[in-house]
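Student: Hey, got a minute? I'd like to go through this one with you, starting with the cysteines.
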Amino acid sequence: MTMPRVRWVVTGVVLFAAFLWLGFLVDRQPLQLDVEVATALQGQDTRPAGQIAGVVTNVLGPVLPYVLGVVLLAIVLRDRSQFSLCVRLAVVLLLCRFTSLAFKPVFQRQRPRVYPDLSYPSGHVVSVATTGLVVVLLCAWLRPRLVRWAIWVSAAATVLAAACRIVLGVHWVTDTVGAVLAVLGVGLVSATALRLIPFPAGERRSLDG
């Protein structure tokens, strides 16, 4: 394995380890930051801010990986030469999205208010961050000039999704941080193993330029 690929894998492992560490840290008791933010926003779910957050979170949530899956299928149907690329991207998509489903039962963390399902990591934020990561990878291979835009839009969407879940009172701040750590950790390792990272030479020139 070349050095650039080793660095990506090591970074991914460190991020995933940070996700696990944070999960065990907050498993039994929320951090002071969690408590202060949840207390400050208590009751917002029934007010205008919460109503707006509810609308946004219906879009920026678990539906996005499914939408991206359809997009990948459409790309393959249009151009069969992209089959291998899209299959590898789909694998990364599935592995990253699975982090929420697999690890919520591990940590058994309760929500800030009464709400079905467990709390850590946030499934909505995992979904948005996962979709954003795979979109960046897709752009890197097919539309290199759009990578910068994809990174910024993905980051903004992830932050917005996290903010909405916190305003609604259904997640602690650390649930959303853990979600991003999990996706980046699993995403970087799996994308490197599947030879999606490092990006093609054309993408590196685009970023350097």
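**Cysteines, core and loops**

Student: How many disulfides does a search of the whole structure find?
Tutor: Zero disulfides turn up in the whole structure. Keep in mind that this is a predicted model.

Student: Okay, take Cys96. How far is its sulfur from the closest cysteine sulfur?
Tutor: The closest one belongs to Cys139, and the two sulfurs are 16 Å apart, so that's too far for a bond. A disulfide would need the sulfur atoms within 2.5 Å.

Student: And is Cys96 buried or exposed?
Tutor: Cys96 has 0% relative accessibility, so it counts as buried. Cys164 counts as buried too, at 6%.

Student: Switching topic: which residues touch the most other members in the largest nonpolar core?
Tutor: Those are Phe19, Leu89, Val92, Leu137 and Leu196, out of 40 residues in that core. The helices α1, α4, α5, α6, α7 and α8 each supply at least two residues of it.

Student: Which helix gives the largest share?
Tutor: That's α6, with 10 residues of this core. In soluble globular proteins, nonpolar side chains tend to be buried together.

Student: What is Val92 in contact with, leaving aside its neighbours within four places in sequence?
Tutor: Its contacts include Val134, Leu137, Ala191, Leu194 and Leu196. Gly187 and Ser190 are in contact with Val92 as well.

Student: Back to α6. How do the axes of α6 and α7 cross?
Tutor: They cross at roughly 175° and come within 9 Å. That makes the two helices, α6 and α7, roughly antiparallel. Among the residues making the contact are Val128, Gly132 and Cys139 of α6, and Ile151, Ala157 and Arg165 of α7.

Student: What's that contact like by class?
Tutor: Between α6 and α7 there are 13 nonpolar, four polar and one charged residues.

Student: Now the loops. Where does Pro121 lie?
Tutor: Pro121 is in the loop between α5 and α6. The peptide bond leading to Pro121 from Tyr120 is cis, with omega near -5°. Another cis bond runs from Ile197 to Pro198, with omega near 0°, and Pro198 sits in the loop between α8 and α9.

Student: Why point those out?
Tutor: Because most peptide bonds are trans, and most residues other than glycine have a negative phi.

Student: So what is the phi of Gln108?
Tutor: Gln108 isn't a glycine, yet its phi is positive, about 55°. Asp117 also has a positive phi, about 80°. Gln108 lies in the loop between α5 and α6, and so does Asp117.

Student: How accessible is Asp117?
Tutor: Asp117 is at 48% relative accessibility, so it counts as partly exposed. Gln108, at 46%, counts as partly exposed too.

Notes. Residues numbered from 1 in each chain as written. Predicted model: local features only at pLDDT ≥ 70, side-chain atom pairs only at ≥ 80, totals over all residues. Heavy atoms only, no water. Core = buried A, V, L, I, M, F, W, Y, C linked by side-chain atoms within 4.5 Å. Buried < 20%, exposed > 50% of the residue type's maximum accessible area, 1.4 Å probe, protein only. Helix = DSSP H or I, 4+ residues; strand = E, 2+ residues; numbered from the N terminus. Contact = heavy atoms within 4.5 Å. Axes fitted to C-alpha atoms, helices over the stretch in contact; angles between N-to-C directions. Parallel < 35°, antiparallel > 145°, perpendicular 65-115°, else oblique. Nonpolar A, V, L, I, M, F, W, Y, C, P; charged D, E, K, R; others polar.
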